[in-house]
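Visitor: Please take me through this structure part by part, and give the cut-offs behind each term when it comes up.

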Amino acid sequence: MLAVVAVACLPRIAGAETVLRIGMTAADIPRTLGQPDQGFEGNRFTGLTMYDALTMWDLSSADKPSVLLPGLATEWKVNDADKTKWTFKLRPGVSFHDGSPFNADAVVWNVEKVLKQDAPQFDPSQVGVTASRMPTLASARKIDDMTVELITKEPDSFLPINLTNLFIASPAKWQKLFDAAQGADAKAKSQGAWEAFARDASGTGPWKMSSFTPRERLELARNENYWDKARVPKVDKMLLLPMPEANARTAALLSGQVNWIEAPAPDALPEIKQRGFAIYSNEEPHIWPWQFSRIEGSPWNDIRVRKAANLCVDREGLKDGLLAGLMVPATGTFEPGHPWRGNPTFQIKYDKPAAQKLMQEAGFGPNKRLSVKIQTSASGSGQMLPLPMNEYLQQALAECYFDVQLDVIEWNTLFTNWRRGAKDPSANGANATNVTISTMDPFFALVRFLSSSMAPPVSNNWGFINDPKFDAMVTKARQTFDPTERDKALAELHAASVDDAVFLYVAHDVAPRAMSPKIKGFVQPKSWFVDFSPISMVP
Amino acid sequence: MPGSSPGMTKENSRPTTEGQSVLLYIARRIVYVIPIVISVALVCFMLVHITPGDPLVAILPADASQELANQLRVAYGFDRPLPVQFGLWLWKAVNGDLGNSIATGRPVLTEVMRAVGNTVTLAIAAAMIGFTLGLFFGLVAGYFRDSWVDKVATSIAIAGVSVPHYWLGMVLVIIFSVQLNWLPAVGAGPGGSGAWGWDWEHIRYLILPAITTSVIPMGIVTRTVRALTGDILSQDFVEALRAKGLRETNVFRHVIKNAAPTAMAVMGLQLGYMLGGSILIETVFSWPGSGLLLNSAIFQRDLPLLQGTILVLALFFVFLNLMVDIAQAAIDPRIKRG
């Protein structure tokens, strides 16, 4: 009897169709209408799969840095006479999943969906995650069917990088849904059309939406007609399942219900490996820092104190102990090999005697300890293990005469306070904050922290860094339009920021994921994103 | 026959008076619901708005500029005074519109009703398991009080109410999904809950979460029924029945009849709790019910979804209480007089 039940319970043997089943960490399917929510996990699963942008990231190598490539634009150039105007040549012969053609009208329409408030397709819910990631883009203009002009508020050489975040949705499909939508006015109809579009999406990406159950599953099918024949997916379907609980994801993998999970439960890694599953990880464009307050009276205004903190932390110990190998010790925002790394003269490493010496030079010692207060959260996206990691730092820095007080607040509150700055009462007297950072593009990695014009409430220069040297370097980088020279300028800016020890640089996340040995051809690049196209599955 | 007529009239008029009394009680009880509902709505609204943080965090990254944040705050109406926001939300809610989720843009009512439907599926399955086992263990323990059978049944009941159910869920997953590979670890069917059917392919997804959900009601029902059975068996009428020579099976029928009203009330209450959903169990099993929806709304800080879900669940409890009160009034005349 038991045997009969057991046989009945066994999973069905898969047919010829290959289906990649992925357990995501998200609690819901990221938005499918073109501009995903849920940070870069959203872009990874419902952005880059179903949609393309004008520019895209090279995700083909696990060793080399992920650099910018042409996407739906084949080439671009800034106007020599007016550096706020860019000409983008568009890729010919590309169609949306609904069969309508991709052209300049589609690009203008997609820019206006988030930037032009009186456009019928303007959708406030897509603005936040898009406009903030291309902060200087102002408008778009069609020049001819396959050429478009993009206009920025100020000269900005980062625009092609920012444009990786603008996914191009099908205007023709949306219009059809808009015409069919019910609503009291155009705004209500527009909202209805976007809601319908999210259920039946159409982009130009290598994957097409095949079925969607909100909050439960999104099934994507291979787009046979994808414009880049080398990136037509090898598996037939990809099934995305939200599984916010780490143990549930791990159980789903071990029981064969899924064959890929993001972020397995750390304590289950030995069993996962022992059962023959593969674990992948790689350095992500991410930094786990303490961002110092530089307002009047902050102890971090003394560069010797900032450098001492950086030298007093044994990052290898943190990696091998608490994080079970799942981090890369940080020696800056970018590590050697990255085009924006540069050559900092201040070497970030563990050197306790040097740290103690610097502290003594700054007037501190065993009998005169320095009190600092750090605002952090107990959890949060990208925060890794914020409390244990901060407690580790607390103990490490105690040996260099720091008394670290932790002010632990809820993640969303910490996030909100970040925009308010160190002078705001919400800082609660903290002179450093611990919010992890995506370092995909130069604005988010460097500019918003180093430029004095980015001080709150404008952006995230939480500590009010105000250094004319950084301002000049930011301007230079933003106004250098040759990509090689621009990268050189960014590398100088980064090196200067490390030499100034603007952060306590601690760790880079490594995005661990576990998958079945049946999955072949997977490459985990140094990116938040993954290319699912080359992945195949053996029976 | 003199005097019989008024007497008859009085007798005949009694049901009418009783009926009017019940109707009056029901009307009064429904009127009481109105301030309760408004209070519930106000508490739902205030609770989610007094928590610190930005209500737009679901769609506004922290790296967004203040200018953009202000623009969206106006677009979503969060720049208006709280009483105005509450009034607008309540007016829409009264008209059956709970707004749209900030994170997904989907109508909140659709999201909530789909989730509640999935929770009802889980609650019914759990109730069937929990109540059947609870009644069985309770009756057995009550009948064989202080014997080893009683001790075993009581131990099971205590374990049921004491073991953390999310922990039990994980253990069941490890045994039946990871080790034996008999049942799926997560989800609500091979095609999701939208394609739910009462066949084996779907029911196998329901087994582990239903067992996990059932343990607390099973323990509570066992303890209740055990106490009731023991109490009824010690009453004189049972001795009288036995003295009259009734067979034990007939005596047992009388015991069940006497225990039923209280046991039913307890089971009704437990069913109510289960219909409210469990954040922990639904998260452990990724079961797309109201608990998982709440979890998601909390972590995404999706205020319209959070408000709407809490309101619907709270109204559900208010409605259940109203039904229970009305049913009790219909059964027990003392209640409606009070």
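**Sheets, helices and the contact between chains**

Visitor: Which strands does helix H3 (residues 104-115) of chain A lie across, and at about what angle does the helix run to S6(A)?
Guide: Helices (H or I, at least four residues) and strands (E, at least two) are DSSP runs, numbered from the N terminus, and residues are in contact when their C-beta atoms, placed from the backbone, lie within 7 Å. Axes are lines fitted to C-alpha atoms, for helices over the stretch in contact, with angles from 0 to 180 degrees between N-to-C directions. On these terms H3(A) lies across S5, S6 and S7 of chain A, and its angle to S6(A) is about 160 degrees.

Visitor: What kind of model is this, and how are residues, chains and ligands labelled?
Guide: Residues are numbered from 1 along each chain as its sequence is written, while chains are lettered from A and ligands numbered from 1 in the order in which they are written. Local features need pLDDT of at least 70, side-chain atom pairs count only at pLDDT 80 or more, and totals for chains, interfaces and linings use all residues, since this is a predicted model.

Visitor: Which strands stand at the edges of the open sheet of four strands in chain A?
Guide: Strands pair if DSSP finds at least two bridges between them, and in this sheet the pairing is antiparallel in the order S4-S5-S7-S6 (chain A). The twist from one strand to the next averages 25 degrees. Two strands of chain A have a single partner strand each, so that one side of each lacks a neighbour in the sheet, and these edge strands are S4 and S6 (137-144).

Visitor: Over how many bridges do S4(A) and S5(A) pair?
Guide: A hairpin of six residues joins S4(A) to S5(A). Within the pair, Glu75(A) stands opposite Lys89(A), and Ala73(A) stands opposite Leu90(A). Strand S4 (residues 73-78) of chain A and S5(A) run antiparallel, and the number of bridges is five.

Visitor: Which residues of strand S5 (residues 85-90) of chain A form its covered face?
Guide: In a regular strand the side chains alternate between the two faces of the sheet. The uncovered face of S5(A) holds Lys85(A), Thr87(A) and Lys89(A), and Lys85(A) has Ile151(A) in S7(A) as its bridge partner. The covered face is made of Trp86(A), Phe88(A) and Leu90(A).

Visitor: Which strands stand at the edges of the open sheet of seven strands in chain A?
Guide: The order of this sheet is S8-S9-S10-S1-S11-S20-S12 (chain A), with mixed pairing, and its neighbouring strands are turned by 20 degrees against each other on average, direction ignored. S8(A) pairs with strand S9 (residues 217-222) of chain A in the antiparallel sense over six bridges, with Met209(A) opposite Leu220(A). Each edge strand has a single partner, so one of its sides is left without a neighbour in the sheet, and the edge strands of chain A are S8 (207-213) and S12 (278-280).

Visitor: On which side or sides of H16(A) are the buried residues, and what arc do they cover?
Guide: A residue is buried if 20 or more other C-beta atoms lie within 10 Å of its own, exposed if 12 or fewer, and partly exposed in between, with C-beta atoms placed from the backbone. In helix H16 (residues 468-478) of chain A the buried residues are Phe470(A), Met473(A), Val474(A), Ala477(A) and Arg478(A). Their arc, taken from the directions from the helix axis to the C-beta atoms, puts them on the same side of H16(A), because it spans only 130 degrees.

Visitor: Which helices are included in what covers the buried residues of H16(A)?
Guide: On the other side of H16(A), Pro468(A), Lys469(A) and Ala472(A) are exposed. The cover over the buried residues includes two helices of chain A, H15 (442-450) and H17 (483-499).

Visitor: Which element gives the most to the largest nonpolar core?
Guide: A nonpolar core is a set of buried Ala, Val, Leu, Ile, Met, Phe, Trp, Tyr and Cys residues joined through C-beta atoms within 7 Å. The largest one has 236 residues, and those with the most contacts inside it include Val107(A), Phe197(A) and Leu450(A). With 15 residues, the element that gives the most to this core is helix H4 (residues 108-143) of chain B.

Visitor: Which helix gives the largest share of the side of chain B that touches chain A?
Guide: There are 13 helices and zero strands in chain B, and 49 of its residues are in contact with 50 residues of chain A. The elements that give two or more residues to this side include H2 (66-75) and H7 (200-233) of chain B. The largest share, five residues, comes from H6(B).
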